[in-house]
Amino acid sequence: MGRDLLRFPTAGPVADGKSTLVGRLLYDTKSVLADQIEAVQRASVDKGLATPDLSLLVDGLRAEREQGITIDVAYRYFGTPTREFVLADTPGHVQYTRNTVTGASTAELAVLLVDARHGVVEQTRRHAAVLALLRVPRLVLAINKIDLVDYDQGVLEAIGKDFAGLARSLGFSTDSGDDAVVTIPVSALVGDNVVERSPRTPWYEGPTLLGHLESVPVTGPEVDAPFRLPVQYVIRPRTEELHDYRGYAGQVASGTVRPGDEVVVLPGGHRTTVASVETADGPLEAAAAGRSVTVLLADDIDLSRGDVIAAAGAPPRVTDAFDATLCWLSEKPLHPGARLLLKHGTRTTQVIVGELRDRLDTDTLALSVPKTLAINDIGRVALRTADPLPVDDYADIRATGGFLLIDPPTGNPLAAGLVGNPLGLVDLPSREPSTPGP
Amino acid sequence: MSVPVLDALDSLESEAIHVFREVAGEFDRPVILFSGGKDSTLLVHLAVKAFAPAPVPFPLLHIDTGHNYPEVIEFRDAIVARLGLRLEVAHVQDWIDDGRLTERADGTRNPLQTVPLLDSIVEKRFDAVFGGGRRDEERARAKERVMSLRDAFGRWDPRKQRPELWNLYNGRHAAGEHVRVFPISNWTELDVWRYIQREGIALPSIYYSHQREVFRRDGMWLAEGPWGGPRGNESLELRTVRYRTVGDGSCTGAVESTATTLDEVIAEVTASRLTERGATRADDRLSEAAMETRKREGNF
């Protein structure tokens with residue numbers, strides 16, 4: 001067992017120093033090499049800056065450097081002796097829902113950034129709502145620019161308390177024991193508490209940002225959920241010695257599969273047992289969520305791409321009509337009655353959007369009944385699909401509860417869809433923090 | 001019984017295999033770009049693992065600049081023969097000979113690969129083209145998707161990229177468009193080397209330390225070849241070198257190295273103070289946005 005891998009996004013308002021924080025993480029973990037640093041120094045001098053602008057390590061496109069903004073999600077890589085990190089740097093402005101959803105969909109943790117002078121702002125609420133909706137298990141609030149508030153403990157603790165209240169109202173646990181919400185005071189510019197512990201915040205006893213990122217568990221709730229495997233491809237060598245070989249290739253979406261397990265193939269409903277679980281390196285005793293495998297079944301069943309192999313004792317429900325929450329990502333608004341394509345697991349089918357039930361105001365967390373959904377909107381809709389789909393509630397299993405809506409003529413994705421009501425949206429307006437802050 | 005968490009290499013391998021299988025399931029005519037270099041050799045290794053015990057259901061395509069290292073071409077042909085794969089080669093020289101391309105003044109042919117690539121995609125009706133690009137290579141590549149839609153001109157528009165959510169890749173495209181696919185997007189140079197070591201993947205000999213006659217240009221050690229050089233006051237000298245990347249001979253430099261084994265290469269990469277492109281690719285030093293410009297024009 002070598003080093004493991006943590007994927008996480010960073011989100012925050014424009015100009016709160018997110019690119020600088022990312023640059024600082026890369027720089028202080030020595031993930032930036034001399035030619036990149038020299039390029040940044042040259043560019044900083046060209047821009048007339050006195051100190052190297054670490055954000056230039058991150059903003060890669062010509063337009064970004066010219067305009068000093070981040071246009072699109074960028075992926076960064078760094079590592080320590082114990083762990084590798086894939087950081088999705090998600091810009092905070094116009095298409096913030098689209099970017100945050102993209103960065104958060106594969107994450108086990110998200111880092112939210114606020115400016116110590118401004119605290120929790122509208123964008124923080126929106127980002128936190130999207131992260132909660134996508135069931136990212138852990139949040140880190142990095143309070144940046146603490147040098148600009150003179151490392152004032154009172155200011156920083158007030159922001160932490162404010163954020164804890166927001167996180168609780170979105171369904172996160174704020175018990176200090178389970179580390180689901182952690183607040184860290186940092187200065188990306190100076191480097192306080194990012195990688196190195198700061199002598200200027202002696203009252204702060206928690207971990208540095210990197211220390212926390214290195215210690216949180218990398219496995220999500222998927223590992224303990226019932227087994228699901230969307231079939232991607234049927235492997236049939238058709239050679240003489242493997243004449244009857246029929247392997248169902250896919251990535252385990254949740255749970256664990258072992259030879260001998262009772263499974264059901266959906267939507268067809270045939271039950272059988274797992275004969276073996278294989279990779280190119282040979283058979284496995286067990287394979288858990290995240291692993292790409294080839295499953296062989298005991299019985300000859302008609303099974304093809306798009307089908308789902310699931311634990312027989314806890315199968316997903318098979319339905320062609322369900323409610324879902326949509327994060328609308330497109331400039332093209334959604335109207336009731338729209339005929340679109342839906343990709344769930346490895347199956348793409350036609351879908352008709354029925355009633356638009358409600359829309360979430362991410363600032364106030366209040367609900368209203370919308371006529372359309374526009375870009376960045378989050379709302380609940382009724383869907384009817386042409387083929388029955390084996391779905392789980394997104395709140396139970398992210399991998400089989402998530403889907404894409406696609407625009408048929410262009411093929412462009414329109415929305416991230418979540419089966420069910422993962423935020424408990426109906427209850428939200430009345431939901432208040434039930435316990436006092438820390 | 002608990003099942004061990006996947007380590008970083010297992011996780012990256014599973015992700016790449018998932019991408020290969022999605023493309024096999026959703027596209028009609030995929031192809032793997034294969035030069036015999038380490039990243040494309042890794043791609044082929046992953047493709048073999050994705051479909052074993054059946055054969056890889058795609059052919060390979062090499063855009064051959066003609067500025068090659070003989071060891072690499074030999075290696076390329078040996079892999080193709082061993083795995084029973086089909087290799088298509090588009091020779092840049094053919095495009096120069098019939099006037100569709102003109103040789104550049106500096107003799108570099110890397111930028112000339114774009115037209116033969118796009119022509120081959122149209123002619124063979126490829127709808128998905130696998131490349132070995134990694135996001136850690138360069139700042140513009142850090143913004144690239146795993147599945148990246150290209151219009152009929154092969155252009156990349158970073159402002160119009162599709163969001164990629166969960167592992168639901170969306171490869172839908174109109175006739176005439178195609179998709180570039182990067183299964184090892186999330187690998188770093190070090191991941192690539194560690195995986196090559198773990199899997200015992202053979203590479204061309206030029207990735208390991210050897211003696212070679214080279215000359216100094218723009219701070220890099222270039223080998224003698226049909227691309228011109230040494231010229232003027234450049235002179236050949238025998239050095240102990242290896243290659244960190246393998247591309248067009250005119251703009252790919254060797255680094256001085258005594259690393260003859262994978263362990264030594266990994267130690268060297270770990271300690272390196274330069275990125276592989278910064279150290280050895282003249283084409284990426286041309287301007288701040290050299291890679292972005294090439295990508296926008298339809299190159300990888």
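# Exercises on a predicted two-chain model

In chain A, 70% of the contacts between residues at least 6 apart in sequence join residues at least 24 apart. The model is predicted.

**Exercise 1. Describe the make-up of chain A: how many helices and strands are there, and what percentage of residues count as buried?**

Step 1. Take the secondary structure: chain A has eight helices and 23 strands.
Step 2. Take the burial: chain A has 438 residues, and 50% of them count as buried.

**Exercise 2. Place R194(B) and decide whether this residue is buried or exposed.**

Step 1. Find the element. R194(B) belongs to helix α6 of chain B, which covers residues 189–199.
Step 2. Apply the cut-off. A residue is buried if 20 or more other C-beta atoms lie within 10 Å of its own. R194(B) has 21 C-beta neighbours inside 10 Å, so R194(B) counts as buried.
Step 3. List the contacts. Apart from neighbours within four places in sequence, R194(B) is in contact with L9(B) and I266(B).
Step 4. Compare sequence and space. R194(B) and V265(B) are 71 residues apart along the chain, and their C-alpha atoms are separated by 9.7 Å.

**Exercise 3. Which domains does the assignment give for chain B, and how many residues of each are in contact with the other?**

Step 1. Read the bounds. The domain assignment of chain B gives domain 1 as 8–190 and domain 2 as 204–285.
Step 2. Take the spacing. The centres of domain 1 and domain 2 of chain B, taken over C-alpha atoms, are separated by 24 Å.
Step 3. Count the residues. In chain B, 20 residues of domain 1 are in contact with 21 residues of domain 2.
Step 4. Name the elements. On the side of domain 1 of chain B that touches domain 2, the elements giving two or more residues are α3 (70–83) and α6 of chain B. α3(B) gives the most, with three residues.
Step 5. Sort by type. The residues on this side of domain 1 of chain B divide into five nonpolar, nine polar and six charged.

**Exercise 4. How many residues does the largest nonpolar core have, and which have the most contacts inside it?**

Step 1. Take the count: the largest nonpolar core has 188 residues.
Step 2. Name the residues with the most contacts inside this core: A110(A), L112(A), L139(A), A142(A), I32(B), A47(B) and V181(B).
Step 3. Find the main contributor. Helix α1 of chain B, residues 8–26, gives the most to this core, with nine residues.
Step 4. Follow one residue. Leaving aside neighbours within four places in sequence, the contacts of I32(B) are L43(B), V44(B), A47(B), F58(B), L60(B) and F130(B).

Conventions:
Residues numbered from 1 in each chain as written. Chains lettered and ligands numbered in written order. Predicted model: local features only at pLDDT ≥ 70, side-chain atom pairs only at ≥ 80, totals over all residues. Helix = DSSP H or I, 4+ residues; strand = E, 2+ residues; numbered from the N terminus. Buried ≥ 20, exposed ≤ 12 C-beta atoms within 10 Å, placed from the backbone. Contact = placed C-beta atoms within 7 Å. Domains from an automatic or database assignment. Nonpolar A, V, L, I, M, F, W, Y, C, P; charged D, E, K, R; others polar. Core = buried A, V, L, I, M, F, W, Y, C linked by C-beta atoms within 7 Å.
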